[in-house]
Amino acid sequence: MSMRYLPDAGRLYGPQYARDPQAVYADLRRQHGAVAPVEIAPGINAHLVIGYGAALEVLTNVGGLWSKNPSAWQARLPDTPEVAGTLAMLGYRPTALFSDGAEHARYRKVISDCFQLVQPHKLRRMVSEVADSLIAQFAAKGEADLATDFARPIPVRVFNLLFGRPDSDSVELSEALSAMMEATGEAGARGSDAFSRYMNELVQSKYAQRGDDLTSWIIDHPAGLQNEELTQAIVLVVAASFDPMANLISNTISRMVSDDRYYSSLTNGALSTYDALMEALRVEPAIANFGPYFVRQPVHFHGTWIQPAELVLVSYAAANTEPTNIPEEMRSDGGAYLGFGAGPHRCPASDPAVLIAMTAIERLTSHLCDLELTVPREELPWRPGPFHRSLERLPVRFTPIRPDQPGDSPWAVHPSPPSTPSATSGPWSS
C-alpha cells in the first residue's frame, strides 16, 4: 500500500487539520506545488491536487488520462478498520461516481433526468415547511445549535419526502445516517443495519406502488437499472445530500452571522444569502477533498509521478483558495468555483442543492432576524475528517419569538408537517 511518499506528507485528519485546513494546504503548496502527498487516514496515502489549474485538468479529464474506477487501488489495500472506513466513501459501487464512459453516462442520465422532474416551486414549499417546523422547536428559547437543530435535519427530512416516504420515516433515516457517519464498532454496525432496512423498505414499497417521487422515477427510468444499480443510485443521492447539504447550510449561516457585509440585522445587509452561499462554496466547500481519480498509465503530472492504482483526490477547498492571477470572472461556475466540481462528473443536482440551502436559510433569517454567534467564529468547533468541512456545533442566540405573538411565525405558516406526494402513473409512461 506504500506509495513511496516523502516523509513530509500532509495529514488530512486529526485536530490540527480540522482546526485550520487552509494552513495545511498552504504548507503543502509551499513544499510540493500543485500536487502533494497526503495521508487521509493512518497508513492510507493519496496524491492531493491542490492547484486550481491542475484540479480543472483532472476534473475535465484532459487527454482522457483519468478514470473513476477504484478497483485496482482497492485490491491493494489491507483489511484494517481504517481501510474499512475509507472504503465506505471510496470503495467501488455501480454508480455514476465510480464509472467512466458509456456506463457513467447511463448512470448519470438517470440522476439528472429524475432531478429535472423535481419542480422548483414544490421543492421550495417543501423546504419551507420543513424549515419552519424545525425553527418552531427552538424559536421560543432564544438560543439554538443551528448545526444539529437545523442544518443537519433539513436534508434528511427533505430527501426522505422526495423519495416518497412519510415525514415520520425521516427519524429512522436520520438516526441511521448519524450512527454511520459519527460512530464505529457496534454503534456504526447498528446504523448500517438500520440504513439497509430503510433502503429495502423504501425500494420495496415503491416497487409495490409507484408515486410522484424520486424513487419511483428512478425505478421507471428508461435506462432500466437493475436492483443493485437502483439501490446504489439512491444511496448515492443520500450520500450526496445528507452531509454535504447540511454542511453547506451551516457553513453559509456561520459566515452570514459573523460578517457585517451580509447584514447588521440579517435583513439589511449589502450582500445577499446567495452571495454568502457562493462564498461558502468557494472558501469552505462542504466537500473539501474528494473526487477520487486514478491514472490509466504512469504519468508525470505537475511535477509528481503518479502510477495506476494510486489514489488521487481533488482538493476543492485548496484549489478554490489558491493564490492566483486568474480573474474571478474567468473561474469556473460563475463565482462558485469548484464547489460543485467541474467537467463530466460535476454535481448533476447543483440547482436543487442551491435552492434547498437558500430557502432554508431565508426561512430562518426571516423569522429570526437578529441571529448572532455565542462564540467568536474562529472558536467554532469543526468535525475531523479528510473529506468534509463540517461544523460540529453552530451556537447562536436571538430574540425569542412566541407562538402567540403577532406577525409571521413558524407556527402560524405551516401548522401541519409536509405530506408525501400522491401516486401517479409516472413521467416515463407513454
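These legends go with a set of close-up views of a predicted model.

**View 1. The whole chain, before zooming in.**
The predicted model has 17 helices and 11 strands. Of the 430 residues in the chain, 53% are buried. Take the contacts between residues at least 6 apart in sequence, and 71% of them turn out to join residues at least 24 apart. The accessible surface is about 18,500 Å², and carbon and sulfur atoms account for 52% of that area.

**View 2. The six-stranded sheet, strand by strand.**
This one is an open sheet with its six strands in the order 1-2-3-9-6-4, and the pairing is mixed. Strand 1 (10-11) and strand 4 sit at the edges, each pairing on one side only. Strand 2 (residues 35-41) and strand 3 (residues 44-49) run antiparallel and are joined by six bridges. To find your way along that pair, look for A36, which stands opposite L48 in strand 3. Helix 2 (residues 21-32) lies across strands 1, 2, 3, 6 and 9. Relative to strand 2, helix 2 runs at about 140 degrees.

**View 3. Strand 6 and its two partners.**
How many of the residues of strand 6 (residues 289-295) are buried? Seven of seven, so the strand is mostly covered. Strand 4 joins strand 6 through two bridges, and the two run antiparallel. Here S67 stands opposite F294 in strand 6. Strand 9 (residues 312-315) also pairs with strand 6 in the antiparallel sense, over three bridges. In that pairing, N289 has S315 of strand 9 as its bridge partner.

**View 4. The three-stranded sheet.**
A separate close-up goes to an open sheet of three strands, ordered 5-11-10, with antiparallel pairing. Its edge strands are strand 5 (143-145) and strand 10 (372-373), each of which pairs on one side only. Two bridges hold the antiparallel pairing of strand 10 with strand 11 (residues 395-397). One residue pair to pick out is L373 with its bridge partner V396 in strand 11.

**View 5. The largest nonpolar core.**
In soluble globular proteins, nonpolar side chains tend to be buried together. The largest nonpolar core here has 82 residues, and the members touching the most others are L146, F150, V158 and I249. Helix 13 gives the most to this core, with 12 residues. Another core, of 46 residues, lies apart from it, and its members include V35, Y52, V295 and A317. Back in the largest core, which residues does I249 contact, leaving aside its neighbours within four places in sequence? They are F150, A151, I154, A357, A360 and I361.

**View 6. T252, a threonine inside helix 13.**
T252 is in helix 13 (residues 227-256). Is T252 buried or exposed? With a relative accessible area of 0%, T252 falls under the 20% cut-off and therefore counts as buried. Its side chain reaches the backbone oxygen of L248 at 2.7 Å. Leaving out residues up to four places away in sequence, T252 touches T273, A276, L277, A280 and I361.

**View 7. E129 in helix 7.**
E129 is found in helix 7 (residues 120-135). This glutamate counts as buried because its relative accessible area is 17%, and the cut-off is under 20%. E129 and V158 are 29 residues apart along the chain, and their C-alpha atoms are separated by 9.5 Å.

**View 8. Two loop residues with positive phi.**
Where does N61 lie? It is in the loop between helix 3 (52-59) and strand 4 (66-67). Phi of N61 is near 55 degrees, a positive value in a residue other than glycine. At a relative accessible area of 25%, N61 is partly exposed. The other residue, H302, sits in the loop between strand 7 (299-301) and strand 8 (304-306). Phi of H302 is positive too, near 50 degrees, and again the residue is not a glycine. H302 has 37% relative accessibility, so it counts as partly exposed.

Methods
Residues are numbered from 1 along each chain as its sequence is written. This is a predicted model: local features need pLDDT of at least 70, side-chain atom pairs count only at pLDDT 80 or more; totals for chains, interfaces and linings use all residues. Side-chain values use heavy atoms; hydrogens and water are left out. Helices (H or I, at least four residues) and strands (E, at least two) are DSSP runs, numbered from the N terminus. Buried means under 20% relative accessible area, exposed over 50%, partly exposed in between (1.4 Å probe, protein chains only). A polar contact is a pair of N or O atoms within 3.5 Å; within protein, one must be able to donate a hydrogen and the other to accept it, and residues adjacent in sequence count only if both atoms are side-chain atoms. Contact means heavy atoms within 4.5 Å. Two strands pair if DSSP finds at least two bridges between them. Accessible areas come from the Shrake-Rupley method with a 1.4 Å probe; for residues, only the protein chains shown count as cover. A nonpolar core is a set of buried Ala, Val, Leu, Ile, Met, Phe, Trp, Tyr and Cys residues joined through side-chain atoms within 4.5 Å. Axes are lines fitted to C-alpha atoms, for helices over the stretch in contact, and angles run from 0 to 180 degrees between N-to-C directions.
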